Amino acid sequence: MNQAEKWPSGWLKASLTLCVLRTIHRHSGTYGHEVIGLLAGYGLGNVGGGTLYPLLRRLVDDELVETEWVEGEHGPSRKTYRITAAGLVALKTETKMWREFTAVTNQLLDEEKH
């Protein structure tokens, strides 16, 4: 069992939107299946399509991500995802908030300071 398979599901749920936004920002024009592979490669484990695609739909509905259909070179067309200006603002804001939150929890859990 790798480390990602040991993460409590609540942790992934809490961080997934932020991680998906960051992944789409880093890999603009990526498609859903590729996002799944990238997240796994980052160590988050296997995020299923039943989790990812509804999240992507919410990001599109919230205008944080936009889509485009791209002709496949050797197969069917693919829906690709790009972060929007509003998505960049959300990514920056939520990244700052996440870092503040994890700093607080890290400080609380740091045994040497108690």
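Buried means under 20% relative accessible area, exposed means over 50%, and partly exposed lies in between (1.4 Å probe, protein chains only). Keep those cut-offs at hand for the tour.

**Before you start**

This is a predicted model: local features need pLDDT of at least 70, side-chain atom pairs count only at pLDDT 80 or more, and totals for chains, interfaces and linings use all residues. Residues are numbered from 1 along each chain as its sequence is written, and side-chain values use heavy atoms, with hydrogens and water left out.

**Stop 1: the whole chain**

Select everything. The C-alpha atoms fill a box of roughly 60 × 35 × 20 Å, taken along the principal axes. Color by pLDDT, the predictor's confidence in each residue, from 0 to 100. The chain mean is 92, and 93% of the residues reach 70 or more. Where pLDDT is low, the predicted coordinates should not be read in detail.

Now switch to cartoon. Helices (H or I, at least four residues) and strands (E, at least two) are DSSP runs, numbered from the N terminus. You should find four helices and three strands. Along the sequence they follow the pattern α-β-α-α-β-β-α. Among these elements, helix 3 (residues 49-61) has the highest mean pLDDT, 97. Strand 1 (residues 30-31) has the lowest, 94.

Of the 114 residues in the chain, 28% are buried. Contact means heavy atoms within 4.5 Å. Among contacts with a separation of 6 or more, 49% join residues 24 or more positions apart.

**Stop 2: the annotated stretch**

Select residues 20-92. An unreviewed UniProt entry lists them as "domain: Transcription regulator PadR N-terminal". UniProt positions are given in the numbering used here, feature names are shortened, and annotations may be inferred rather than shown by experiment. Over this stretch the chain is 52% helix and 19% strand. Its end C-alpha atoms are 13 Å apart.

**Stop 3: the sheet**

Show the strands alone. They form an open sheet of three strands, in the order 1-3-2, with antiparallel pairing. Strand 1 and strand 2 stand at the edges, each with a single partner strand, so one side of each has no neighbour in the sheet. Two strands pair if DSSP finds at least two bridges between them.

Zoom in on strands 1 and 3. They pair in the antiparallel sense over two bridges. Tyr-31 stands opposite Thr-80 of strand 3. Thr-30 has Tyr-81 of strand 3 as its bridge partner.

Move across to strands 2 and 3. Here the antiparallel pairing runs over six bridges. One of the residues to pick is Trp-69, whose bridge partner in strand 3 is Lys-79.

**Stop 4: Thr-30**

Go back to Thr-30 in strand 1. Is Thr-30 buried or exposed? Thr-30 counts as buried, because its relative accessibility is 1%. Show its neighbours. Not counting residues up to four places away in sequence, Thr-30 touches Ile-24, Val-35, Leu-38, Lys-79, Thr-80 and Tyr-81.

**Stop 5: Gly-37 and Asp-62**

Select Gly-37 in helix 2 (residues 32-41). At 43% relative accessibility, Gly-37 counts as partly exposed. Draw a C-alpha to C-alpha line from Gly-37 to Val-47. The two are 10 residues apart in sequence and 8.5 Å apart in space.

Next, pick Asp-62 in the loop between helix 3 and strand 2 (65-70). Asp-62 is exposed, because its relative accessible area is 51%. Draw another line, from Asp-62 to Thr-105. Their C-alpha atoms are 29 Å apart, with the two positions 43 residues apart in sequence numbering.

**Stop 6: helix 4**

Select residues 85-109. This is helix 4, with 25 residues. From first C-alpha to last it reaches 36 Å, close to the 36 Å expected at 1.5 Å a residue. The expected span is 1.5 Å times one less than the number of residues.

Show Gly-87, Ala-90, Leu-91 and Thr-95, which are buried. What covers the buried residues of helix 4 includes helix 1 (9-26) and strand 3 (78-83).

**Last stop: Thr-95**

Stay in helix 4 and center on Thr-95. Thr-95 counts as buried, because its relative accessibility is 10%. What does the side chain of Thr-95 reach? The answer is the backbone oxygen of Leu-91, at 2.6 Å. Not counting residues up to four places away in sequence, Thr-95 is listed as touching Leu-18, Arg-22 and Ala-90.

Technical notes. A polar contact is a pair of N or O atoms within 3.5 Å; within protein, one must be able to donate a hydrogen and the other to accept it, and residues adjacent in sequence count only if both atoms are side-chain atoms.
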